[in-house]
Amino acid sequence: MAKKKEVIVANDLTKVYQMGEVQVNALCGVSIRIRRGEVVSIMGPSGSGKSTLMNIIGCLDRPTAGEYYLDGELVSDLSDDQLAAVRNQKVGFVFQNFNLLSRSTALINVELPLRYAGIREGRREKAVQALESVGLGDRVNHRPTELSGGQQQRVALARAIINNPAIIMADEPTGNLDSKSGEEIMRLLLGLNKEFRTTLIIVTHDPKIAEQTERVIRLYDGLVVEQ
């Protein structure tokens, strides 16, 4: 059972993909613990299981076997609809490619998690506040094509935090940015952790990013080799 201080408890997770007649073992019995408020990076070569583990931790997928507790709740056996509800309430995502709606304003992009949750009251105010917290209070009506890469990633970060999630999952958050913009995004992410004790999990290939985290979970061939 998950301890209260641990926001993530994964016990012996396996994930098997069936590709025609071939079985691919993406995770081969992964067990990890991540404490509330911790800053952790997940590293490993391509094919090591990083993305699979991220998808399970972020409630985008379920393990083939094993138990996963998120914020004290067993989520590994939930239905797709139940998993989507937990994901919306407890997980904020920041992706390498920003994943913004190109024809919608920054404000509408940030409002999306609240729209999915059926929240209407105060939605605009919360979205504006989130954008202001990442330094984009003067860009609320700009579309992604009118923003730099760093600004687009800040919109994505505002969207990730609008529901006050238990964890933020950042998948190569600086991968498509120049060094200055990348440093700014890391400063914002680490600042959120410091101010709100939001658990921060960063999937990265960059040792310089990993050095800024408290702990590295390293995967190889679907196994944890360091944590």
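Visitor: What does helix α2 lie across, and at what angle to β6 does α2 run?

Guide: In this predicted model, helix α2 (residues 80-90) lies across β6 and β7 (167-171) and runs at about 80° to β6. Angles of 65 to 115 degrees count as roughly perpendicular, so the value of about 80° puts α2 in that class relative to β6.

Visitor: What makes the orientation of α5 to β6 roughly parallel or roughly antiparallel?

Guide: α5 also lies across β6 and β7, but its angle to β6 is about 170°. An angle over 145 degrees counts as roughly antiparallel, so α5 is roughly antiparallel to β6.

Visitor: Why is α5 called roughly parallel to α6?

Guide: The axes of helix α5 (residues 149-161) and helix α6 (residues 179-196) come within 10 Å and cross at roughly 15°. The limit for roughly parallel is an angle under 35 degrees, and the crossing of α5 with α6 therefore meets it. The crossing is right-handed.

Visitor: Which residues make the contact of α5 with α6?

Guide: From α5 come Gly150, Gln153, Arg154, Leu157 and Ile161, and from α6 come Ser181, Ile185, Leu188, Leu189 and Leu192. By class, 6 are nonpolar, 3 polar and 1 charged. Gly counts as polar, so Gly150 falls in the polar group.

Visitor: What makes α3 and α4 oblique to each other?

Guide: Helix α3 (residues 106-116) and helix α4 (residues 123-133) pack at an angle of about 120°, with their axes 9 Å apart. The roughly perpendicular range ends at 115 degrees and the roughly antiparallel one takes angles over 145. An angle of about 120° belongs to neither, and the pair is therefore oblique. α3 and α4 cross in the right-handed sense.

Visitor: Which residues of α3 and α4 make the contact?

Guide: α3 contributes Ala106, Leu107, Val110, Glu111, Leu114 and Arg115, while α4 contributes Arg123, Arg124, Lys126, Ala127, Val128, Ala130 and Leu131. They divide into 8 nonpolar, no polar and 5 charged residues.

Visitor: Why is the pairing of the open sheet described as mixed?

Guide: The sheet has 6 strands in the order β6-β7-β8-β3-β9-β10. Strand β3 (residues 39-43) and strand β9 (residues 215-220) pair in the parallel sense over 4 bridges, with serine 41 opposite valine 216. β9 and strand β10 (residues 223-226) pair in the antiparallel sense over 3 bridges. Pairing takes at least two bridges, so both strand pairs qualify. With both senses present, the pairing is mixed.

Visitor: What makes β6 and β10 the edge strands?

Guide: Each of β6 (91-95) and β10 pairs on one side only. From one strand to the next, the twist averages 25°.

Visitor: How many residues stand between β9 and β10 in the hairpin?

Guide: There are 2 residues between β9 and β10, and aspartate 221 in the turn has a positive phi of about 50°. Two of the bridges here join tyrosine 220 to leucine 223 and leucine 219 to valine 224.

Visitor: How do you know that lysine 15 forms a salt bridge with aspartate 61?

Guide: The closest N and O atoms of lysine 15 and aspartate 61 are 3.3 Å apart. The cut-off is within 4 Å, so the pair counts as a salt bridge. This pair links distant parts of the chain, 46 residues apart: lysine 15 is in strand β1 (residues 6-19), and aspartate 61 is in the loop between α1 (50-57) and β4 (65-70). The structure holds 12 salt bridges.

Definitions and conventions. Residues numbered from 1 in each chain as written. Predicted model: local features only at pLDDT ≥ 70, side-chain atom pairs only at ≥ 80, totals over all residues. Heavy atoms only, no water. Axes fitted to C-alpha atoms, helices over the stretch in contact; angles between N-to-C directions. Left-handed = near helix turned anticlockwise from the far one by under 90°. Contact = heavy atoms within 4.5 Å. Salt bridge = Lys/Arg side-chain N within 4 Å of Asp/Glu carboxyl O.
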